[in-house]
Amino acid sequence: MSAMKELEVEVEGLAPGEMKAFRWGEISVLVCNVDGEFYAVENRCSHADIPLDTGSLRGCELECVSHGAVFDVRSGRALELPGRSSLGVFSVERTGNVLRIGPLRKAEKP
Ligand code: FES
């Protein structure tokens, strides 16, 4: 994990149903806009470490493009196999179009 305590990102133009990856030190954070609410999860599928930003977001469900694992971006919970475990989720505070992200919260059990 990065030594930085927070990551600030600009989300202007990130519309509902869209997502965008941001680097935070050595990790990648995936910010998802779910009907105007922003969530941030680890950008790494728990099946085979593939980045999730190339997948698809439908509502709160994020599907990995590789083999179809599905995760709930609100909780990180794995909803469909082959997602092996939940994703880590980050706390998010929003001020206008700026999100303050961090720290990583423990993922829920699948
Ligand atoms: S790498 Fe994501 S489902 Fe296989």
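Two strands count as paired if DSSP finds at least two bridges between them. Keep that cut-off at hand for these exercises on a predicted model.

**Exercise 1. Find how strand 5 and strand 6 are related, and place them in their sheet.**

*Solution.* Start with the bridges: strand 5 and strand 6 (residues 61–63) are joined by three of them, in the antiparallel sense. The cut-off is at least two bridges, so the two strands pair. For one of these contacts, look at S56, whose bridge partner in strand 6 is E63.

Next, step back to the sheet. Four strands form an open sheet in the order 5-6-7-8, and their pairing is antiparallel. Strand 5 (56–58) and strand 8 (78–80) are at its edges; each has a single partner strand, so one side of each lacks a neighbour in the sheet. On average, neighbouring strands here are turned by 30 degrees against each other, direction ignored.

**Exercise 2. Work out the strand order of the six-stranded sheet, and say which strands stand at its edges.**

*Solution.* Read the order across the open sheet: 1-10-9-4-3-2, with antiparallel pairing. The ends of that order are strand 1 and strand 2, the edge strands; each has a single partner strand, so one side of each is left without a neighbour in the sheet. From one strand to the next, the twist averages 30 degrees.

**Exercise 3. Trace the partners of strand 10 on the path from strand 1 to strand 9.**

*Solution.* Begin with strand 1 (residues 7–10), which pairs with strand 10 (residues 98–105) in the antiparallel sense over four bridges. Here E10 has V98 as its bridge partner.

Now turn to strand 9 (residues 89–95), which runs antiparallel to strand 10 and is joined to it by six bridges. Two of the facing pairs are easy to locate: V92 has I101 as its bridge partner, and V89 stands opposite R105.

Finally, inspect the link. Strand 9 and strand 10 form a hairpin with two residues between them, and in the turn G96 has a positive phi of about 60 degrees.

**Exercise 4. Decide whether M19 is buried or exposed, and list what it touches.**

*Solution.* First locate M19: it lies in strand 2 (residues 19–24). Then count its surroundings. There are 23 C-beta neighbours inside 10 Å, and the cut-off for a buried residue is 20 or more, so M19 is buried.

Leaving out residues up to four places away in sequence, M19 touches L30, V31, C32, N33, D53 and L57. To check a distance yourself, try S86: it is 67 residues from M19 along the chain, and their C-alpha atoms are separated by 18 Å.

**Exercise 5. Identify the residues of the largest nonpolar core that touch the most other members, and find which strand gives the most to this core.**

*Solution.* This core has 26 residues, and V29, L30, C32 and A40 touch the most other members. Strand 2, strand 3 (27–34), strand 4 (37–42), strand 9 and strand 10 each supply at least two core residues. Strand 3 gives the most, with five.

Take V29 as a close-up. Beyond residues up to four places away in sequence, V29 touches L7, A21, F22, W24, A40, N43, F90 and I101.

**Exercise 6. Judge the confidence of the prediction, for the protein and for its elements.**

*Solution.* Take the protein as a whole: its mean pLDDT is 91, and 92% of its residues reach 70 or more. Then go by element: strand 10 has the lowest mean pLDDT (90), and strand 6 the highest (98).

Technical notes: Residues are numbered from 1 along each chain as its sequence is written. This is a predicted model: local features need pLDDT of at least 70, side-chain atom pairs count only at pLDDT 80 or more; totals for chains, interfaces and linings use all residues. A residue is buried if 20 or more other C-beta atoms lie within 10 Å of its own, exposed if 12 or fewer, and partly exposed in between; C-beta atoms are placed from the backbone. Two residues are in contact if their C-beta atoms, placed from the backbone, lie within 7 Å. Axes are lines fitted to C-alpha atoms, for helices over the stretch in contact, and angles run from 0 to 180 degrees between N-to-C directions. A nonpolar core is a set of buried Ala, Val, Leu, Ile, Met, Phe, Trp, Tyr and Cys residues joined through C-beta atoms within 7 Å. pLDDT is the predictor's confidence in each residue, from 0 to 100.
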